[in-house]
Amino acid sequence: MSLGDQIARNLPYLRRYARALTGSQATGDAFVRATLEAALADSELKQSLEGGRVPLYRAFNKVWSSAYMDIPETVGGDGHESAAHDRLKSVTPLNRQALLLTTLEDFTSDQAGEIMDMSADDIEQLAQEAVAEIDKESATSVLIIEDEPLISMQLEDLVTSLGHDVCGTAATRTQAQEVVADKTPGLVLADIQLADGSSGLDAVDDILAISSVPVIFITAYPERLLTGDRPEPTYLVTKPFQEQTVRAAISQALFFGSSRPLG
């Protein structure tokens, strides 16, 4: 496989990581572009990217670590991005990186340590500190849109173990509409392919038309959302998922307090 093909295969996931790290699709993509430009200008760095995901994320990390303090206060006009940048100031960047790398991106502690130039023990400590920082958020009500009963039950147990209430579960877009008609959730966990052929994307659009609430997509088909052709979800977990990954995504989504599509 050529270097270009390797990077293309991993790029959607690097963009996902950058978006979650910065709280903005536009800012995240800017850092990804800066990483690729740096690789084009440095033959040694470019050659290192042949090693796959770890060196690609390591290259991104060097760009991010050298520049994160210089992100403008606002990169867009909407309240979500402004709030995200304000709140990011209260969470140690190293902690967030360690948490995202070992949960959202599913790197081992050793791999994350290689990316961040730290030991595996340090990475685990940083991730624990990040969870402690973010979990100061208040409890909320959660709507689960999922057509597989066992997964829905697993998510219910996970949500309640974190101290949140489940305001309803839905296997179709219509059922989701019925739940929201009775109570607007504070967080939505949604699959994109539902029982009757309806779309979780449409169900989420229905909810966002009423209220701006955080949404986490949990799907076996992440490539359908990571196309670059439209605003992409900030929080996207791939099935089969690890519970720790969903826990981290919930904490982060509540931390930012909204997940309307980011520009």
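## Close-up views of a predicted model

**View 1. Strand 3, wrapped on both faces.** In this predicted model, strand 3 is covered on its two sides: Leu187 and Leu189 are buried on one face, and Val188 and Ala190 are buried on the other. That split fits a simple rule: in a regular strand, side chains alternate between the two faces of the sheet. On to the partners of strand 3. Strand 1 runs parallel to strand 3, and 4 bridges join the two; here Ile145 has Ala190 as its bridge partner. Strand 4 (residues 215–219) is also parallel to strand 3, this time with 3 bridges, and Val188 has Val215 as its bridge partner there. To get from strand 3 to strand 4 the chain goes through helix 11, in a right-handed β-α-β crossover.

**View 2. The whole sheet, strand by strand.** Stepping back a little, we have an open sheet of 5 strands in the order 2-1-3-4-5, paired in parallel. Strand 2 and strand 5 (235–238) sit at the edges, each pairing on one side only. From one strand to the next, the twist averages 20°. Helix 9 packs on this sheet and touches strand 1, strand 2, strand 3 and strand 4. The direction of helix 9 makes about 165° with that of strand 2.

**View 3. Strand 1, helix 9 and strand 2 as a unit.** Strand 1 (residues 141–145) and strand 2 (residues 165–170) run parallel and are joined by 5 bridges. Put helix 9 (residues 149–161) together with these two strands and you get a right-handed β-α-β unit. Look for Ile145 on strand 1: across from Ile145, in strand 2, is Ala170.

**View 4. Ile145 and its surroundings.** Is Ile145, in strand 1, buried or exposed? Ile145 counts as buried, because its relative accessibility is 1%, and the cut-off for buried is under 20%. Leaving out residues up to four places away in sequence, Ile145 touches Ala170, Ala176, Val188, Leu189, Ala190, Asp191, Leu194, Ala203 and Ile207. Two of these, Ala170 in strand 2 and Ala190 in strand 3, also turned up above as its opposite numbers in the sheet. Leu194 is another one to pick out: Ile145 and Leu194 are 49 residues apart in sequence, with 8.1 Å between their C-alpha atoms.

**View 5. Asp191, the annotated site.** The unreviewed UniProt entry places the feature "modified residue: 4-aspartylphosphate" at Asp191. You'll find Asp191 in the loop between strand 3 (187–190) and helix 11 (200–208). Asp191 counts as buried because its relative accessibility is 4%. Which residues are in contact with Asp191, leaving aside its neighbours within four places in sequence? They are Ile145, Glu146, Asp147, Gly200, Ile218, Thr219 and Lys239. Ile145 links this view to the previous one, with Asp191 among the residues that Ile145 touches.

**View 6. Helix 1 against helix 4.** Now for the helices. Helix 1 (residues 3–22) and helix 4 (residues 53–67) pack with their axes 11 Å apart, at an angle of about 35°. Their crossing is right-handed. Helix 1 brings Asn10, Tyr13, Leu14, Tyr17, Ala18, Leu21 and Thr22 to the contact, while helix 4 brings Arg53, Leu56, Tyr57, Phe60 and Trp64.

**View 7. Helix 1 against helix 6.** Helix 1 has a second partner to show here: helix 6 (residues 93–102), packed at an angle of about 145° with the axes 10 Å apart. Again helix 1 makes a right-handed crossing, here as it passes helix 6. On the helix 1 side the contact is made by Tyr17, Ala20 and Leu21, and on the helix 6 side by Arg96, Gln97, Leu100 and Leu101. Tyr17 and Leu21 of helix 1 are also in the contact with helix 4.

**View 8. Ser24, just past helix 1.** Ser24 is in the loop between helix 1 and helix 2 (25–41). Because its relative accessibility is 0%, Ser24 counts as buried. How many residues apart in sequence are Ser24 and Thr234? The answer is 210, yet their C-alpha atoms are 7.7 Å apart in space.

Notes
Residues numbered from 1 in each chain as written. Predicted model: local features only at pLDDT ≥ 70, side-chain atom pairs only at ≥ 80, totals over all residues. Heavy atoms only, no water. Pairing = 2+ DSSP bridges. Helix = DSSP H or I, 4+ residues; strand = E, 2+ residues; numbered from the N terminus. Right-handed = clockwise from strand over helix to strand, strands pointing away. UniProt positions renumbered as here; feature names shortened; annotations may be inferred. Buried < 20%, exposed > 50% of the residue type's maximum accessible area, 1.4 Å probe, protein only. Contact = heavy atoms within 4.5 Å. Axes fitted to C-alpha atoms, helices over the stretch in contact; angles between N-to-C directions. Left-handed = near helix turned anticlockwise from the far one by under 90°.
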